[in-house]
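Q: Please take a close look at a single part of this model. I would like one connected account, in short sentences.

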Amino acid sequence: MIIDLVTLRSSPYAFKASFTPEEINLESENAELKSPANIEGTLSKRIVQADVDGEISAVVNIECSRCLQMVDNNLNFPFHASYIAPENLSEAKETELRDADLEIAPFDGQHIDIRELVREQIFLNLPTQVFCSEDCKGLCPKCGANRNLINCNCEEKEIDPRWAALKNLK
Ligand SMILES: [Zn+2]
Ligand SMILES: [Zn+2]
C-alpha cells in the first residue's frame, strides 16, 4: 500500500491496512511476524512534511531472553512518523535524523510506503526482553541445556560459592 501525496484528495486522510507475515519481513534472527499486522492511521499533509499517526497491532514470535525458545508476543502500540521531503531537510536536520534512527526509510517527497512504515515501527517497538514464562529457568551456563525441558544436574554437582557463604552464616 503506497499513499501518493500528490494525488491525495483530502488531508487528514484516515486509512486502515493489514499485511500478512509474508509481506512483512522483520529481517531479524530472533523475531518474526506471526499474525497479520494491522494498522489504523491518519495521514496529515503539511507544508514541508507529512505526518502519520496511528496504532499498529500484530503478534510477533520472539526469542525468550533466557532459554531462546520462540514465544508469541502481542504487540499493540501507538506510533508517530514524519516524512520530510529531501529538499526540505536542512543539513543539520538530516544529520539529526540519521543519528536518531538508522532504520528510517528514504523518502522521495511523494510516496509513503505504508508496508515499510509498519515494518519499521514493529521493528522499533519490539520488546527488548521477552520471557516464555515468569519462571523460565533459562539455559544451563555449563552445558547449554534448556532447563525447562531437561534436568541436566549440573547445579547439584557444584554449589555456587555465594550460596555456600550463606550456608556458613547459618
Ligand atoms: Zn524461556
Ligand atoms: Zn547443565
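**Cysteines and the zinc site**

A: Cys140 is buried, because its relative accessible area is 4%, and the cut-off for buried is under 20%. The model is a predicted one. Cys132 is another case. Its relative accessibility is 31%, so Cys132 counts as partly exposed.

Cys132 is also one of the protein donors of the zinc ion (ligand 1). The others are Cys64, Cys67 and Cys136. Each donates through its SG atom, and the donors lie 2.3 Å from the zinc ion. The angles subtended by the four donor atoms run from 103 to 116°, so the arrangement is tetrahedral. The test is that all angles lie between 85 and 135 degrees.

In sequence, the donor spacing reads C-x2-C-x64-C-x3-C. Take the pair Cys67 and Cys136, which links distant parts of the chain, 69 residues apart. Cys67 sits in the loop between strand S5 (49-63) and strand S6 (70-84). Cys136 sits in the loop between helix H2 (114-124) and helix H3 (154-157). Both Cys67 and Cys136 are buried.

Now the disulfides. The structure holds zero of them. A disulfide is a covalent bond between the sulfur atoms of two cysteines.

Helix H2 comes on one side of the Cys136 loop. Asp113 caps the N-terminal end of H2. One of its side-chain oxygens lies 3.1 Å from the backbone nitrogen of Arg115. Buried residues in H2 include Ile114, Leu117, Val118 and Ile122. Arg119, Glu120 and Gln121 are buried too.

Note on methods:
Residues are numbered from 1 along each chain as its sequence is written. Chains are lettered from A and ligands numbered from 1 in the order in which they are written. This is a predicted model: local features need pLDDT of at least 70, side-chain atom pairs count only at pLDDT 80 or more; totals for chains, interfaces and linings use all residues. Side-chain values use heavy atoms; hydrogens and water are left out. Donors are N, O and S atoms within 2.8 Å of the metal (3.2 Å for Na, K and Ca); water is not among the atoms, so sites may look incomplete. Four donors count as tetrahedral if all angles lie between 85 and 135 degrees; four count as square planar and six as octahedral if opposite donors are over 155 degrees apart and all others between 65 and 115; anything else is irregular. Helices (H or I, at least four residues) and strands (E, at least two) are DSSP runs, numbered from the N terminus. Buried means under 20% relative accessible area, exposed over 50%, partly exposed in between (1.4 Å probe, protein chains only). A polar contact is a pair of N or O atoms within 3.5 Å; within protein, one must be able to donate a hydrogen and the other to accept it, and residues adjacent in sequence count only if both atoms are side-chain atoms. A disulfide is a pair of cysteine sulfur atoms within 2.5 Å.
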